[in-house]
Amino acid sequence: FTLRASAEGGDFQGSEHTRLETILAAARSGADFVDIEFSASWKTVVDAVGRLRVILSHHLFEGVPEDLNPILESMAATGAGTLKIATTARRLADNLTIARVLERAKAKGLNLCALAIGIRGVPSRILGPSWGSWMTFASLPGGEATAEGQMAADVLINQYRVRQISSGTRVYGVLGRPLAHSLSPQLHNAAFAARDLDAVYLPLEADTFDDFLRFHASIPVFGASVTIPYKEAAHTSARSLSVEASDTRAVNTLVLRDAGWHGENTDVAAFAGPLLGRVPLDGMQAVVLG
């Protein structure tokens, strides 16, 4: 049971006393867990409900600190049975901070749920359980998301196969900005499932191409579809290139090889294929609008 204060992103408009009493009433009525913020009177709830039924939560809306361990240590000292830290991702690499704090919590035997809010934090919602997160958040199927980047439970389970992801699962994705409209995860994850591959395909919305490379350095990406605005940067970064990628100086597909990134450009075949045999292409000048 959660009744979130407005200062922590909720909509509750009553007094703090009323809010705490409502949370305690929910516990008395049989709620398995009740959520109370680290910034609130958590001790009242822990003492009344018992530590094992309390989720102590902390929300950071201004971005992700470089090190979440001090916050983790302070929250763990309260004795609450489960801890939750939610941050707001400004960069794709912010997911790495989530991975690190989950690793720390796992080493200390703490129940921690950690995630990054926003489209750039989506990897933390999908990969979090494989990093040691106690749970991940989802909306009801067909329901309204309560935070940016949150997906429906059936999408997490069926499309991303979140329950099957492990440390050995290969990560692929679509790299670009913005990505909220992209259907690539739906397409590629269905293909992975059909072939029973231990792989997942994520939206990788990066602030810069270097932001993507920082993410990749800690969470290896074995291949990526590349869309605007990073096709030219992908071309520059690739260690090897197909003829089409070299000629166009743009890469829309990156494949990780032993020597580094190999770049392909499948756009050429996609544009030219339907025209071959129908339109004379030699010497033709054309423009693509979009």
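Which residue lies over the face of Phe 137? Lys 84 does, at 4.3 Å from the ring centre. A charge sits over a ring if NZ of Lys or CZ of Arg is within 6 Å of the ring centre and within 35 degrees of the ring normal. Arg 170 offers another case: its charged end sits over the ring of Phe 222, 4.0 Å from the centre.

This is a predicted model, where local features need pLDDT of at least 70, side-chain atom pairs count only at pLDDT 80 or more, and totals for chains, interfaces and linings use all residues. Residues are numbered from 1 along each chain as its sequence is written, and side-chain values use heavy atoms, with hydrogens and water left out.

Now turn to helix H2, residues 42–49 (helices are DSSP runs of H or I, at least four residues; strands are runs of E, at least two; both are numbered from the N terminus). Val 45, Val 46 and Val 49 are buried there (under 20% relative accessible area; exposed is over 50%, partly exposed in between, with a 1.4 Å probe and protein chains only). Seen down the axis of H2, the buried residues fall within an arc of 100°, so they line one face of the helix. The arc is that of the directions from the helix axis to the C-beta atoms. The face turned away from the buried side carries exposed Asp 47 and Ala 48. The cover over the buried residues of H2 includes helix H1 (16–28), strand E1 (34–37) and strand E2 (54–59), with contact meaning heavy atoms within 4.5 Å. Gly 50 follows H2, and its phi is positive, near 100°.
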